[in-house]
Amino acid sequence: MQKESQEIIITVIAGTITLLILGISMASFLFLYRSRHRRLLQEKEQLRLSYERELLKSQLEIQEQTFRHISQEIHDNIGQMLSLAKLNLATMNASQPLGLEQKIADSKKLVSQAIYDLRDLSHGLSTDYIADLGLVRGIEHELDMVRKSGGYETALNIDGVPYLLDKQKELIIYRIIQQTLNNIIKHSASQKIIIHLRYNPDDLSLSITDDGKGFDLTPLNNNASFGLGIRNMHNRARLIGAGFQISSTLGKGTSVSLIVPVGTVVA
């Protein structure tokens, strides 16, 4: 009887210890789960804030670049056209009808072109025009400005049927394109710029290629200050879930590639 009592006590103690271990394990699991869940929520919130900051930064940068372009365009192009129209008007003499009709026609043409250019420039006063025009029209607009700057042959090739992406996503893509074109103009000494869009069912593939002097990519891994603009573009691509790659060969040009998953959702 005493032996049976001892066995019962041992069984009870073993069961109690087992329950305690299970309880501690469950408590530990719940604690770890809640900690991980809380950390994931914090990371998600940080990603959302980072994404919103990057959107605002991109909007401000696009506006700043647009204002510089508008200022230069008004000074170099529209101002010149209006000055010529004013000169034509100032030299008109009703008592000398010879050539008067041609001067009037030329003045009308100059003023009409100035109005057209001003209307075109007004689209750039807000980043909303990117959403209104769409990414393809926005790229065409950028390439048109590059051509007007002189010395560049540009082309836009499109495969597939263009579709709309999230407006905020297109804004960041557009800014990456702007940054790339700026780098080409400032550093590449190229003559030809080709942008290729491939609209696939699952992703948008984009490449920007120039035939410039190229550069050595090695310092990107060794110097934090070198290629800061490239790193910035890479970070922006990462925020929209896109793959970013840059390749360059000395004397043969540079290519920037971006692959944007269509279904990527950023908080």
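In the predicted model, helix α4 lies across strands β1, β2 and β3 (203–210). The direction of α4 is at about 165 degrees to that of β1. A second helix, α6 (residues 228–239), lies across β4 and β5 (253–261) and runs at about 150 degrees to β4.

The strands beneath this description belong to an open sheet of five, with the order β1-β2-β3-β5-β4 and mixed pairing. Its edges are formed by β1 (153–159) and β4 (243–249), each of which pairs on one side only. On average, neighbouring strands of the sheet are turned by 10 degrees against each other, direction ignored. At the β1 edge, β1 and strand β2 (residues 192–199) run parallel and are joined by seven bridges; within this pairing, Thr154 has Ile193 of β2 as its bridge partner.

Helix α4 also packs against another helix. Two packed helices are described by the angle between their axes and the distance between the axes. For α4 (residues 135–148) and α5 (residues 167–188), the angle is about 15 degrees and the axes are 11 Å apart. Because angles under 35 degrees count as roughly parallel, α4 is roughly parallel to α5. The crossing of α4 past α5 is right-handed.

On the α4 side, the contact comprises Leu135, Gly138, Ile139, His141, Glu142, Leu143 and Val146. These residues meet Glu170, Ile173, Tyr174, Ile177, Gln178, Leu181 and Ile185 in α5. Classified by residue type, the contact of α4 with α5 contains nine nonpolar, three polar and two charged residues.

How values were computed
Residues numbered from 1 in each chain as written. Predicted model: local features only at pLDDT ≥ 70, side-chain atom pairs only at ≥ 80, totals over all residues. Heavy atoms only, no water. Axes fitted to C-alpha atoms, helices over the stretch in contact; angles between N-to-C directions. Helix = DSSP H or I, 4+ residues; strand = E, 2+ residues; numbered from the N terminus. Parallel < 35°, antiparallel > 145°, perpendicular 65-115°, else oblique. Left-handed = near helix turned anticlockwise from the far one by under 90°. Contact = heavy atoms within 4.5 Å. Nonpolar A, V, L, I, M, F, W, Y, C, P; charged D, E, K, R; others polar. Pairing = 2+ DSSP bridges.
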